[in-house]
Amino acid sequence: MTVETIKTILNADVLCGEDRLDREVHAACGSDMMSDVLAFVKEQAVLLTGLVNPQAVRTAEMMDISCIVFVRGKRPDGDIVALAERRKIVLLCTKLEMFSACGLLYSNGLKGGHLKK
Amino acid sequence: MSILKLHYDIDGSDFTRAGEASGKVKRVLKKLGLDAEAIRNVSIAMYEGEINMVIHAGGGEIDVEISSELVTIVLTDHGPGIEDVSLAMKEGYSTATDNIRSLGFGAGMGLPNIKKYANEVAIDTKVGVGTTITIKIYVPDCSAEL
Ligand SMILES: Nc1ncnc2c1ncn2[C@@H]1O[C@H](COP(=O)(O)OP(=O)(O)OP(=O)(O)O)[C@@H](O)[C@H]1O
Ligand SMILES: [Mg+2]
């Protein structure tokens, strides 16, 4: 699934990375706890989170996650957007809450990952 | 074969910057062309250690040594130390406050993650004195030119 498709399904706004919406993602991970995300190993995943701080972007950077979706209408401040832009990470923002956002992506064919070991 | 050494002072008072050093190391390793899985393992293990250092120990220092076979990360702090290391290594065990949880950490997954992604981990800690964590990650191929 492309980031563009995720944007459409979640009726999301693009906060940065408008030119990178053609990226493919193969799995999704939804969590507000970054160490849970860091236990997750799938390549080319999208992260859904309600956490708006620089560590959401840094966690994505460590995991090679190319797109973050902020749920519940949360919007990161300019510094966070600038950091994501530097790291070439797409930021999306949806009004949906976590459960609905994950459910919609899942029912459209995106699968979860697996925990390592 | 040459060895690259990097050193970082980690500010314990500024949570917004926690993880910066790990990001820098990741970008250095990418430039060096290290094996992708080794880069990911280093990034995650160091990031968990760096965050722990900020949220549990008031900051510290990180030394990274990179060769074409091995990446060694040494995290040193002078925080409260860990009373029971085997308990701290358990998934889900955390002494984090609600404030730390609101920042996205405190699931009790950091040390278990370090163990998962590293080839070797040694924790040297003393209550009231501090903690030194040494993490080793093997680099499978010698394709990287230092
Ligand atoms: N550098 C440190 N100094 C003192 N105590 C530490 C240090 N690192 C970890 N600890 C202790 O070990 C516990 C477990 O650490 P771990 O990283 O597994 O979980 P956490 O940091 O609480 O949560 P998470 O990593 O999931 O965000 C911590 O809650 C803390 O009590
Ligand atoms: Mg931790």
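**Entry 1: a salt bridge between the chains**

I began with Lys30(B) and looked for its partner in chain A. The side chain of Lys30(B) forms a salt bridge with that of Asp64(A), at 3.9 Å from N to O. The cut-off is 4 Å, so I note the pair as counted under that rule. I keep in mind that this is a predicted model.

I then asked how many salt bridges the rule finds across the interface of chain B and chain A. It finds five. For polar contacts between chain B and chain A, I noted 16 residue pairs, with both residues at pLDDT 80 or more.

**Entry 2: what chain B brings to the interface**

I looked up which elements of chain B give two or more residues to the side that touches chain A. They are α1 (20-32), α2 (36-57), α4 (98-102) and α5 (110-117) of chain B. The largest share comes from α2(B), with seven residues. Sorted by class, this side of chain B has 10 nonpolar, 11 polar and nine charged residues.

**Entry 3: extent of the interface**

I counted contacts next: 30 residues of chain B touch 24 residues of chain A. The two chains, B and A, bury about 2200 Å² between them. Carbon and sulfur atoms account for 50% of that area.

Which three residues supply the most of the area that chain B buries against chain A? I found Arg40(B), Tyr47(B) and Lys116(B), which together supply 29% of it, more than any other three residues.

**Entry 4: the sheet of chain B**

I traced the sheet in chain B. It is open, has five strands and runs in the order β1-β2-β3-β5-β4, with antiparallel pairing. Why do β1 and β4 of chain B each have one side without a neighbour in the sheet? β1 (4-11) and β4 (120-126) of chain B stand at the edges and each has a single partner strand, so one side of each is left free of a neighbour there. From one strand to the next the twist averages 10°.

I followed the edge strand β4(B) to its partner. β4(B) pairs with β5 (residues 130-138) of chain B in the antiparallel sense, over seven bridges. Within this stretch I looked up Val121(B), whose bridge partner in β5(B) is Ile135(B).

**Entry 5: helices on the sheet**

I returned to two of the helices. α1(B) lies across β1 and β2 (59-66) of chain B and runs at about 160° to β1(B). α2(B) lies across β1, β2, β3 (70-77) and β5 of chain B, and runs at about 5° to β3(B). I note that α1(B) and α2(B) are also among the elements that give residues to the side touching chain A.

Methods: Residues numbered from 1 in each chain as written. Chains lettered and ligands numbered in written order. Predicted model: local features only at pLDDT ≥ 70, side-chain atom pairs only at ≥ 80, totals over all residues. Heavy atoms only, no water. Contact = heavy atoms within 4.5 Å. Buried area = accessible area lost by both parts, 1.4 Å probe. Polar contact = N/O pair within 3.5 Å; in protein donor to acceptor, adjacent residues only side chain to side chain. Helix = DSSP H or I, 4+ residues; strand = E, 2+ residues; numbered from the N terminus. Nonpolar A, V, L, I, M, F, W, Y, C, P; charged D, E, K, R; others polar. Pairing = 2+ DSSP bridges. Axes fitted to C-alpha atoms, helices over the stretch in contact; angles between N-to-C directions.
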